[in-house]
Amino acid sequence: MRRIVRRVVGVFSVVGLASMLFAGTAQADGDTVYFSSGSTNCSIAGDGTVGCDFASQALVQYSFLPILLPARDIVIDQQWLPAHPTFAVGTHTLPGGNPDLADVKTGAGTWGSYIEYAGARCEQGFHGSFSCKSKGRTWGIYGGVISAS
């Protein structure tokens, strides 16, 4: 019995180590698009993960919470998880700042530019609002308050 347990643990260890090594290389392939809208710096990764850093603290509201949560960034990285802060400010900003959305846009909407990449879409909206959606989730910011789902 011990021999079987050791072999199973050994197999899982090798699989875990291999997945960590290959996951590291997959993230470094340079398929991320960076852009900014006003003072918001964002990135969209090749897997559709979208995240943004805010120049100043914003407040996040969820329909299922009665309070506002402070945040300096927000990300959509899982289909089953609402847009959420990661508390890793600066991860969506290039050194020296991101190019303006107008320079990397894939189209122009009613209120401003938008970009669609890897199944994600971010766009400028009415009166300086800004929103992103991906993986069945969305968030939008207006006046320093983020509505996330």
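## Strand pairing

In this predicted model, Ser-43 stands opposite Gly-51, a residue of strand 3. The two belong to the pairing of strand 2, residues 40-44, with strand 3, which is antiparallel and extends over five bridges. Five residues separate the strands of this hairpin, and Gly-48 adopts a positive phi near 90° there.

Strand 3 also pairs with strand 4; these strands run antiparallel and are joined by seven bridges. Within that pairing, Cys-52 has Ile-74 of strand 4 as its bridge partner. A further pairing connects strand 3 with strand 10, residues 145-148, this time in the parallel sense and through three bridges. Here Leu-59 is found opposite Val-145 of strand 10. In a regular strand, side chains alternate between the two faces of the sheet.

## Overall organisation

The protein contains two helices and 10 strands. Followed along the sequence, these elements give the pattern α-β-β-β-β-α-β-β-β-β-β-β. The protein has 149 residues, of which 32% count as buried.

## Aromatic pairs

Four aromatic pairs are present in the structure. One of them is formed by Trp-111 and Phe-126: the ring centres lie 4.6 Å apart and the planes meet at 65°, so the arrangement is classed as edge-to-face, the cut-off for that class being over 60 degrees. Trp-111 is located in the loop between strand 5 (107-108) and strand 6 (113-117), whereas Phe-126 is located in the loop between strand 7 (120-124) and strand 8 (130-134); the pair therefore ties together parts that are 15 residues apart in sequence.

The two partners fall into separate accessibility classes. Trp-111 counts as exposed because its relative accessibility is 54%, and the class begins over 50%. Phe-126, with a relative accessible area of 44%, is partly exposed. Elsewhere, Phe-54, Phe-130 and Trp-139 are linked into a cluster by ring pairs.

## Contacts of Arg-121

The structure has two salt bridges. In one, Arg-121 is joined to Glu-116, with 2.8 Å between the closest N and O atoms. In the other, the side chain of Arg-121 meets that of Glu-123 at an N to O distance of 3.4 Å. Glu-116 is partly exposed, at 42% relative accessibility, and Glu-123 is likewise partly exposed, at 23%. Through shared partners, the salt bridges unite Glu-116, Arg-121 and Glu-123 in one network.

Arg-121 has an aromatic contact as well: Arg-121 lies over the face of Tyr-114, 3.8 Å from the centre of the ring.

## Nonpolar surface patch

Phe-64, Leu-65 and Ile-67 make up a nonpolar patch of about 300 Å² on the surface. Of these residues, Leu-65 is placed in the loop between strand 3 (50-61) and strand 4 (69-76). With a relative accessibility of 34%, Leu-65 counts as partly exposed, and this value also satisfies the requirement of over 30% for a residue to belong to a patch. The loop that holds Leu-65 thus lies between strand 3 and strand 4, the strands joined by seven antiparallel bridges.

Key:
Residues are numbered from 1 along each chain as its sequence is written. This is a predicted model: local features need pLDDT of at least 70, side-chain atom pairs count only at pLDDT 80 or more; totals for chains, interfaces and linings use all residues. Side-chain values use heavy atoms; hydrogens and water are left out. Rings of Phe, Tyr and Trp (its six-membered ring) pair if their centres lie within 6.5 Å; planes under 30 degrees apart count as stacked, over 60 as edge-to-face and the rest as tilted. Helices (H or I, at least four residues) and strands (E, at least two) are DSSP runs, numbered from the N terminus. Buried means under 20% relative accessible area, exposed over 50%, partly exposed in between (1.4 Å probe, protein chains only). A charge sits over a ring if NZ of Lys or CZ of Arg is within 6 Å of the ring centre and within 35 degrees of the ring normal. A salt bridge is a side-chain nitrogen of Lys or Arg within 4 Å of a carboxyl oxygen of Asp or Glu. Patches are made of residues with over 30% relative accessible area and no salt bridge: like charges are joined within 9 Å, nonpolar side chains (Val, Leu, Ile, Met, Phe, Trp, Tyr) within 5 Å. Accessible areas come from the Shrake-Rupley method with a 1.4 Å probe; for residues, only the protein chains shown count as cover. Two strands pair if DSSP finds at least two bridges between them.
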